[in-house]
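Let's take a walk through this structure together, pausing at a few spots where the backbone or the packing deserves a second look.

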Amino acid sequence: MGDRYDEAFPHKEGQLAAGGWLAASVPPGSRVLDLGCGTGLPTAGQLADAGLRVTGVDLSAGMITRASANVPAAQFLRADIAHLPAGEPLAPGSFAGVAAFFSLLMLRRAEIPPALLAIHTLLEPGGLLALSMVEADVDDVPIPFLGHTIRVSGYLRDELRQVVTDAGFEVIKEDAYAYAPASTDVPPEQQIFLSCRRG
C-alpha cells in the first residue's frame, strides 16, 4: 500500500495545518514524535524542515524505508503504536510534541485510551499533541483500502474529545475537514483534528 498511499491522499490541508501548528508551538530544536509516520510525508518532513528533531514510528517496514529516504534528517523506528517499546529513543517525558495523524484509527477502541496514555507519558509536562481521526462510530470494522482490507476504529467528535480529555489532555482547538480521497474505493470522510496540551 505504501506505493499508492500518497497518490490516494494527495490533499492534506488539515494535516499540514495541524503540523504547522505543532511546529510553531514547540520550542525551536525540540524533539517531536510522528506516531504512525507512514512515508514521512508530509508530517515528518514538515517538522524536520522546521528545525525540529524528529523521530518517526510506524509498524510497516516498507513505510519506514520510504520515510527514511524521504526525510533523511529524521530518525525512524519500526514499532507497534499499541505497544511502544520502553526506553530510548522513546523515553518518558522526552518529547515536546507528538503528531498522531490517522494512526490511532488503526487500533481497536480498547487500545486507543492506553495508546493516548502512552503518548501522555512520552510528552514533557505541557507538551503538545496534534491528533486526527476520521469521525465514525465504529470499532475494528473492516473497510476496503487501496486494494486491501484494513480494520479501523473511530468515534463521533464529542466522544473523541472525551477520550482524549480522559487521557489527561486539554483540548485547545478543534478543526474539521470534509475529505474525499482520490482513490475510488475509499469513501468521503469527515476528518477531526484536535490540538491538545498535556495536563
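Contact here means that heavy atoms lie within 4.5 Å. With that in mind, and remembering that this is a predicted model, let's begin at I172. Leaving aside residues up to four places away in sequence, I172 touches W21, L128, S195, C196 and R197. One of these partners, L128, sits 44 residues from I172 in sequence, while their C-alpha atoms are 9.7 Å apart in space. I172 itself belongs to strand β8, which covers residues 169–179. Is I172 buried or exposed? Its relative accessible area is 38%, and since buried means under 20% and exposed over 50%, I172 is therefore partly exposed.

Now for the backbone. Most peptide bonds are trans, and most residues other than glycine have a negative phi. Keep that in mind for the next stops.

Look at the bond between L41 and P42: the peptide is cis, with omega about 5°. P42 is in the loop between β1 (31–35) and α3 (43–49). Another cis peptide bond runs from E88 to P89, with omega near 5°, and P89 is found in the loop that links β3 (75–78) and β4 (95–101).

Two non-glycine residues come next. F102 has a positive phi of about 60° and lies in the loop between β4 and α5 (112–122). With a relative accessibility of 15%, F102 counts as buried. D140 has a positive phi of about 55°, but its place is in a strand, β6 (residues 138–145). At 26% relative accessibility, D140 counts as partly exposed.

Note on methods
Residues are numbered from 1 along each chain as its sequence is written. This is a predicted model: local features need pLDDT of at least 70, side-chain atom pairs count only at pLDDT 80 or more; totals for chains, interfaces and linings use all residues. Side-chain values use heavy atoms; hydrogens and water are left out. Helices (H or I, at least four residues) and strands (E, at least two) are DSSP runs, numbered from the N terminus. Buried means under 20% relative accessible area, exposed over 50%, partly exposed in between (1.4 Å probe, protein chains only).
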